[in-house]
Amino acid sequence: ACHDPAQFRGKWSHQDKTPDCTACHVAHGGGEPKLLRANLETLCNQCHDTATKHAHPVGGDILDPRTNKPMSCLSCHDAHASDHEAQLLADRKRDLCIECHSTGH
């Protein structure tokens, strides 16, 4: 009732695997931004073993050139739902990568 349900609908959705918001969020507050249960990297790695798959470097010392903030899983993925494979923010074959990487490669 508090959130726009459209942000949770897409071809790929976390709700398909984690229908309960409390898997990631603390409803009445916590020490992390956006009411998260833990820091983002810890939270994502509880279910996703990024070390065994191709993963973009993330962390405080790697800045997203679009925002000048540290790269995180959410730099490329939508945590709730997306119309793009793997809940990416754009098409992985080209559109997502060229947001930061030169097309001259």
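Visitor: Why is R92 called partly exposed?

Guide: R92 has a relative accessible area of 42%. Buried means under 20% relative accessible area, exposed over 50%, and partly exposed in between (1.4 Å probe, protein chains only). The value for R92 falls in between, so the residue counts as partly exposed. This is a predicted model, in which local features need pLDDT of at least 70, side-chain atom pairs count only at pLDDT 80 or more, and totals for chains, interfaces and linings use all residues. Residues are numbered from 1 along each chain as its sequence is written, and side-chain values use heavy atoms, with hydrogens and water left out.

Visitor: What makes R92 and E85 a salt bridge?

Guide: The term requires a side-chain nitrogen of Lys or Arg within 4 Å of a carboxyl oxygen of Asp or Glu. In R92 and E85, the closest N and O atoms are 3.3 Å apart, and therefore the pair qualifies. E85, at 43% relative accessible area, is partly exposed. Elsewhere, salt bridges with shared partners join D64, R66 and E99 into one network.

Visitor: How do you know that R66 and E99 meet in a salt bridge?

Guide: Their side chains are 2.5 Å apart, N to O, which is within 4 Å and therefore satisfies the criterion. This pair links distant parts of the chain, 33 residues apart: R66 lies in the loop between β2 (59-63) and β3 (70-71), and E99 in the segment after β4 (81-82). Such elements are DSSP runs numbered from the N terminus: helices (H or I) of at least four residues and strands (E) of at least two. R66, with 33% relative accessible area, is partly exposed, and E99 is partly exposed at 41%. The whole structure holds three salt bridges.

Visitor: Why is D64 called buried?

Guide: Its relative accessible area is 3%; this is under 20%, so D64 is buried. D64 is found in the loop between β2 and β3.

Visitor: What makes D64 and R66 a polar contact?

Guide: A polar contact is a pair of N or O atoms within 3.5 Å; within protein, one must be able to donate a hydrogen and the other to accept it, and residues adjacent in sequence count only if both atoms are side-chain atoms. The side chains of D64 and R66 stand at 2.7 Å, which is within 3.5 Å, so the distance condition is met. Their salt bridge, N to O, is also listed at 2.7 Å. D64 further touches K69, M71, S75 and C100 (heavy atoms within 4.5 Å), leaving aside residues up to four places away in sequence.

Visitor: Why is there no disulfide between C44 and C73?

Guide: A disulfide is a pair of cysteine sulfur atoms within 2.5 Å. The sulfur of C44 has its closest cysteine sulfur in C73 at 3.7 Å, so the pair is too far for a bond. For C21 the closest cysteine sulfur, in C24, is 8.6 Å away, also too far for a bond. The count comes to zero disulfides. C44 is buried, at 18% relative accessible area.

Visitor: What makes the phi of K34 notable?

Guide: Most residues other than glycine have a negative phi. In K34, phi is near 60 degrees, a positive value, and L35, likewise not a glycine, has a positive phi of about 60 degrees. K34 lies in the loop between β1 (12-13) and α1 (40-45), and L35 lies in the loop between β1 and α1. K34 is exposed because its relative accessible area, 70%, is over 50%. L35 is partly exposed at 37%.
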